[in-house]
Amino acid sequence: MARIVLVSGSLRRHSVNSAALATIRGILDRYDGEFHITEIRVADLPHYDEDLDVGPGPAAVSAARELLIASDAAIISTPSYNGAMTGTLKNALDWLSRPWKASSLSGKPVALLTASPGRYGGADAQPDTRRVLERCGAVLIDHARVAIGNAEFLVGRDGTITEPSVVAELQGLVEATVAAVRGRHRLPVAA
Ligand code: FNR
């Protein structure tokens, strides 16, 4: 079974980014069990410290690295904090990018979205986040930009988003991710 890891850049209980990922999880569930969905919780990772980054490192770090390495793709949703990803997400990417030359993100297809209560949906965090992901070795999945604005008005009681236009955007991101995952699993055509 193909594996997809979800990562929210926000620790907030009522995070709109986590709500967007919960919505994505619901969309992926409709693929008849084709995907096993897991989550890396950035709050579980300590502050990056090179002194701690020896051998397998802290248990939460090695678990996150193993989860990512075993996955076929990751979907990351982050707020913009002053025009960049959150510090906690950057901290997680720093852990996942090590050891040097053995990044867990190396060659990993990654879809990126942002969400915020602001009208621009945290879009200004996307360029830097993409640049950092690429520096860590990730391969950004080609999909239309998703930046969900006014997001706190879109989350329902069940913690997901049902607004049709946003669901359609998330559906497009999921379809691009599914195509990337299926492409990785496709066997080479015999000559
Ligand atoms: C923000 N927020 C914010 N929003 C935005 O659209 N552009 C920005 O530059 C910032 N900067 C910023 C900095 C800091 C330190 C905080 C705490 C917040 C608002 C932010 O988007 C809002 O808190 C979102 O709700 C965060 O997303 P979650 O937690 O709901 O997923």
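Two strands pair if DSSP finds at least two bridges between them. With that in mind, here are some close-up views of this predicted model.

**Figure 1. Strand β3 pairs with β1 and with β4.** Let us begin with the strands. β3 and strand β4, which spans residues 109-115, run parallel and are joined over five bridges. β1 also pairs with β3 in the parallel sense, again over five bridges. Ile 76 is a handy residue to look for in this view: its bridge partner in β4 is Leu 112, and Ile 76 is itself the partner in β3 of Val 7.

**Figure 2. Both faces of β3 are covered.** In a regular strand, side chains alternate between the two faces of the sheet. In β3, Ala 73, Ile 75 and Ser 77 lie on one side, Ala 74, Ile 76 and Thr 78 lie on the other, and all are buried. That makes six buried residues out of six for this strand.

**Figure 3. Helix α3 has a buried face.** Now move to α3, residues 87-96, where the buried residues are Leu 89, Ala 92, Leu 93, Trp 95 and Leu 96. Seen down the helix axis, these buried residues of α3 fall within an arc of 160 degrees, so they line one face of the helix. They pack against three strands and two helices, listed here with their residues: β1 (2-8), β2 (35-41), β3 (73-78), α2 (59-69) and α4 (126-135). α3 also has a place in a right-handed β-α-β unit, together with β3 and β4.

**Figure 4. A shell of 14 residues surrounds the ligand.** Which residues of this shell are the closest to the ligand? They are Ser 10, Ser 15, Pro 79, Ser 116 and Gly 118. By character, the shell divides into nine polar residues, four nonpolar and one charged.

**Figure 5. Tyr 120 sits in the loop between β4 and α4.** Is Tyr 120 buried, exposed or partly exposed? A residue needs 20 or more other C-beta atoms within 10 Å to be buried, and 12 or fewer to be exposed. Tyr 120 has 14 C-beta neighbours inside 10 Å, so it counts as partly exposed. Leaving aside residues up to four places away in sequence, Tyr 120 touches Ala 147 and Gly 149. If you would like a further landmark, try Glu 163: Tyr 120 and Glu 163 are 43 residues apart in sequence, and their C-alpha atoms are 17 Å apart in space.

Methods: Residues are numbered from 1 along each chain as its sequence is written. This is a predicted model: local features need pLDDT of at least 70, side-chain atom pairs count only at pLDDT 80 or more; totals for chains, interfaces and linings use all residues. Helices (H or I, at least four residues) and strands (E, at least two) are DSSP runs, numbered from the N terminus. The arc is that of the directions from the helix axis to the C-beta atoms. Two residues are in contact if their C-beta atoms, placed from the backbone, lie within 7 Å. A crossover is right-handed if, with the strands pointing away from the viewer, the path from the first strand over the helix to the second runs clockwise. A residue is near a molecule or strand if its C-beta atom, placed from the backbone, lies within 6 Å of it. Ala, Val, Leu, Ile, Met, Phe, Trp, Tyr, Cys and Pro count as nonpolar, Asp, Glu, Lys and Arg as charged, and the others, Gly among them, as polar.
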